[in-house]
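Biologist: Hi! I'm new to this one, could you walk me through it?
Modeller: Happy to, let's put it on screen.

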Amino acid sequence: QVQLVESGGGLVQAGGSLRLSCTASGSTFSSYNMAWFRQTPGKEREFVAFINRSNGGTGHAASVRGRFTISRDNAKNTVYLQMNGLKPEDTAVYYCAARGDDKSEFDNWGQGTQVTVSS
């Protein structure tokens with residue numbers, strides 16, 4: 001198991017930027033595939049972005065592609081989500097998640113960080 005702690009959320013105006021961080025502990029960070037999800041009240045949790053553990057390959061949801069960028073620094077045990085051009089509809093609690101190669105689903109989750117975008 002790996003423990004995940006997100007930070008960097010806050011209140012920002014539409015068009016602004018934020019960078020979320022998620023720092024891992026308790027296990028070998030480089031062995032995990034990492035992702036960001038988000039959730040708003042009354043809605044299903046939504047996939048945002050993914051980064052592969054082995055080659056750093058990434059994928060982003062269509063709703064954030066071209067605005068958000070996921071990256072990782074294995075030396076710092078940290079995954080980032082750079083969010084530019086924020087929109088009010090990006091308002092949500094953002095969660096990072098980890099998955100080993102032997103798992104089919106993400107089974108390690110952080111506590112979440114709130115991002116609020118004002119219009």
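Biologist: Which residues have the most contacts inside the largest nonpolar core?
Modeller: They are Met34, Trp36, Leu81, Met83 and Tyr94, in a core of 28 residues. The elements giving two or more residues to this core are β3, β4 (32–39), β5 (46–51), β7 (68–73), β8 (78–83), β9 and β11 (113–118). A nonpolar core here is a set of buried Ala, Val, Leu, Ile, Met, Phe, Trp, Tyr and Cys residues joined through side-chain atoms within 4.5 Å. Buried means under 20% relative accessible area, exposed means over 50%, and partly exposed is in between, with a 1.4 Å probe and protein chains only. Strands are DSSP runs of E with at least two residues, helices are runs of H or I with at least four, and both are numbered from the N terminus.

Biologist: Anything I should know about the model itself?
Modeller: This is a predicted model, where local features need pLDDT of at least 70, side-chain atom pairs count only at pLDDT 80 or more, and totals for chains, interfaces and linings use all residues. Residues are numbered from 1 along each chain as its sequence is written, and side-chain values use heavy atoms, leaving out hydrogens and water.

Biologist: Back to the core, then. What does Leu81 touch?
Modeller: Setting aside residues up to four places away in sequence, its contacts include Leu18, Leu20, Trp36, Val48, Phe68, Ile70 and Tyr94. Contact means heavy atoms within 4.5 Å. As a general point, nonpolar side chains tend to be buried together in soluble globular proteins.

Biologist: How many disulfides does the structure hold?
Modeller: It holds one. The disulfide joins Cys22 to Cys96, with 1.9 Å from S to S. Cys22 sits in strand β3 (residues 18–25) and Cys96 in strand β9 (residues 92–100), so this pair links distant parts of the chain, 74 residues apart. The cut-off is a pair of cysteine sulfur atoms within 2.5 Å.

Biologist: Are those two cysteines buried or exposed?
Modeller: Cys22 and Cys96 are both buried.

Biologist: Switching to β11, which way do its side chains point?
Modeller: They alternate. Thr113, Val115 and Val117 point to one face and are buried, while Gln114, Thr116 and Ser118 point to the other and are not. In general, side chains in a regular strand alternate between the two faces of the sheet.

Biologist: And which strands does β11 pair with?
Modeller: Strand β2 (residues 10–13) runs parallel to β11, with four bridges joining them. Gln13 stands opposite Ser118 there. Strand β9 runs antiparallel to β11, with three bridges, and Ala92 has Val115 as its bridge partner. Two strands pair if DSSP finds at least two bridges between them.

Biologist: What about charges, how many salt bridges are there?
Modeller: The count is five, where a salt bridge is a side-chain nitrogen of Lys or Arg within 4 Å of a carboxyl oxygen of Asp or Glu. Arg38, Glu46, Arg67 and Asp90 are linked in a network of them.

Biologist: Where does Asp90 come into that network?
Modeller: Its side chain meets that of Arg38 at 2.9 Å, N to O. Arg38 is in strand β4 and Asp90 in the loop between β8 and β9, so the pair ties together parts 52 residues apart in sequence. Asp90 also forms a salt bridge with Arg67 (2.7 Å, N to O). Arg67 is in the loop between β6 and β7, so that pair ties together parts 23 residues apart in sequence.

Biologist: Are those residues buried or exposed?
Modeller: Arg38 is buried at 5% relative accessible area, Asp90 is buried at 1%, and Arg67 is buried at 14%.

Biologist: Is there a pair outside the network you'd show me?
Modeller: Try Arg53 and Asp101, whose side chains meet in a salt bridge at 2.5 Å, N to O. Arg53 is in the loop between β5 and β6, and Asp101 is in the loop between β9 and β10 (108–109), 48 residues apart. Arg53 is partly exposed at 32%, and Asp101 is partly exposed at 48%.

Biologist: Last one: where is Ser63 found, and what does it touch?
Modeller: Ser63 is in the loop between β6 and β7. Not counting residues up to four places away in sequence, Ser63 touches Arg38 and Glu46. Ser63 is partly exposed, with a relative accessible area of 35%.
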